[in-house]
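Open the structure in your viewer and switch to a cartoon display. The stops below say what to select next and what is there.

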Amino acid sequence: RKMLGLFSSKDKFLDQAIAGLSTCLASRTTDYEAPINLMVTPVFISKWVDYSNKFGFGFQMSDGSVGVLFNDSTKIGTTPAMDIVEFTDMKGKTFCFPWDDNANQPFPEL
């Protein structure tokens with residue numbers, strides 16, 4: 001299972017943003033009524049650490065997911081429930097691992 005959207009491309013991000021804005025505009029009322037529940041929760045960076053001079057950029061999203069963008073172009077992140085870890089290597093290949101606190105398993109060779 002992949003974490004859909006944590007490290008999506010700029011195009012996918014823009015598509016998601018445009019779709020969200022379109023949904024918001026479509027549900028807009030002209031007589032200033034309470035807005036319709038959009039079923040879309042905005043996700044934004046709530047905390048970050050910028051060590052880009054040495055290592056990279058770490059962040060926590062408002063939904064609880066966390067990630068790091070390393071200077072060598074690798075990336076790692078977790079789902080909000082921290083049940084999946086996703087790693088993208090320097091070649092752009094993505095690996096998804098289920099997180100199990102009880103399993104003392106080494107990571108596979110990358």
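How many helices and strands does the chain have? This is a predicted model, and its chain has 1 helix and 6 strands. Along the sequence the order of elements is α-β-β-β-β-β-β. Of the 110 residues in the chain, 20% are buried.

**The sheet**

Select the strands. They form an open sheet of 6 strands in the order β1-β2-β3-β4-β5-β6, with antiparallel pairing. Strands β1 and β6 (94-98) stand at the edges; each has a single partner strand, so one side of each has no neighbour in the sheet. From one strand to the next, the twist averages 10°. Strands of a sheet pair through backbone hydrogen bonds, so a backbone display suits the next stops.

**From β2 to β3**

Select residues 56-61, which are strand β2, together with β3; the two pair in the antiparallel sense over 5 bridges. Which residue of β3 stands opposite G56? It is F70.

**From β3 to β4**

Now select residues 66-70 for β3 and 75-78 for β4. This pair is antiparallel as well, with 3 bridges. In β3, select V68: the residue opposite it in β4 is I76.

The hairpin of β3 and β4 has 4 residues between the strands. Stop at S73, in the loop between β3 and β4. S73 has a positive phi of about 80°, although it is not a glycine. Is S73 buried, partly exposed or exposed? Its relative accessible area is 40%, so S73 counts as partly exposed, the class between the cut-offs of 20% and 50%.

**From β4 to β5**

Keep β4 selected and add residues 84-88, strand β5. These strands run antiparallel and are joined by 4 bridges. Return to I76, the residue opposite V68; in β5, the bridge partner of I76 is F87. Showing V68, I76 and F87 together therefore traces a path from β3 through β4 to β5.

In the hairpin of β4 and β5 there are 5 residues between the strands. Select M82, which is placed in the loop between β4 and β5. M82 is not a glycine, yet it has a positive phi of about 55°. With a relative accessible area of 42%, M82 is partly exposed.

**The aromatic pair at 95 and 97**

Show the aromatic side chains. The count of aromatic pairs comes to 2. One of them is F95 with F97, a stacked pair with 6.5 Å from centre to centre and 10° between the planes. Are these two rings on buried or exposed residues? F95 counts as buried because its relative accessibility is 17%, and F97 counts as buried because its own is 16%; the cut-off for buried is under 20%.

**A nonpolar patch on the surface**

For the last stop, turn on the surface and select V49, Y51 and F55. These residues form a nonpolar patch on the surface, with about 340 Å² of accessible area together. Where does Y51 lie? Y51 is in strand β1, residues 45-51, and β1 is one of the edge strands. Y51 counts as exposed because its relative accessibility is 54%, against a cut-off of over 50%.

Terms used. Residues numbered from 1 in each chain as written. Predicted model: local features only at pLDDT ≥ 70, side-chain atom pairs only at ≥ 80, totals over all residues. Heavy atoms only, no water. Patch = residues over 30% accessible without salt bridge, like charges linked within 9 Å, V, L, I, M, F, W, Y side chains within 5 Å. Areas by Shrake-Rupley, 256 points an atom, 1.4 Å probe, with all protein chains shown as cover. Salt bridge = Lys/Arg side-chain N within 4 Å of Asp/Glu carboxyl O. Buried < 20%, exposed > 50% of the residue type's maximum accessible area, 1.4 Å probe, protein only. Phe/Tyr/Trp six-rings, centres within 6.5 Å; stacked < 30°, edge-to-face > 60°. Axes fitted to C-alpha atoms, helices over the stretch in contact; angles between N-to-C directions.
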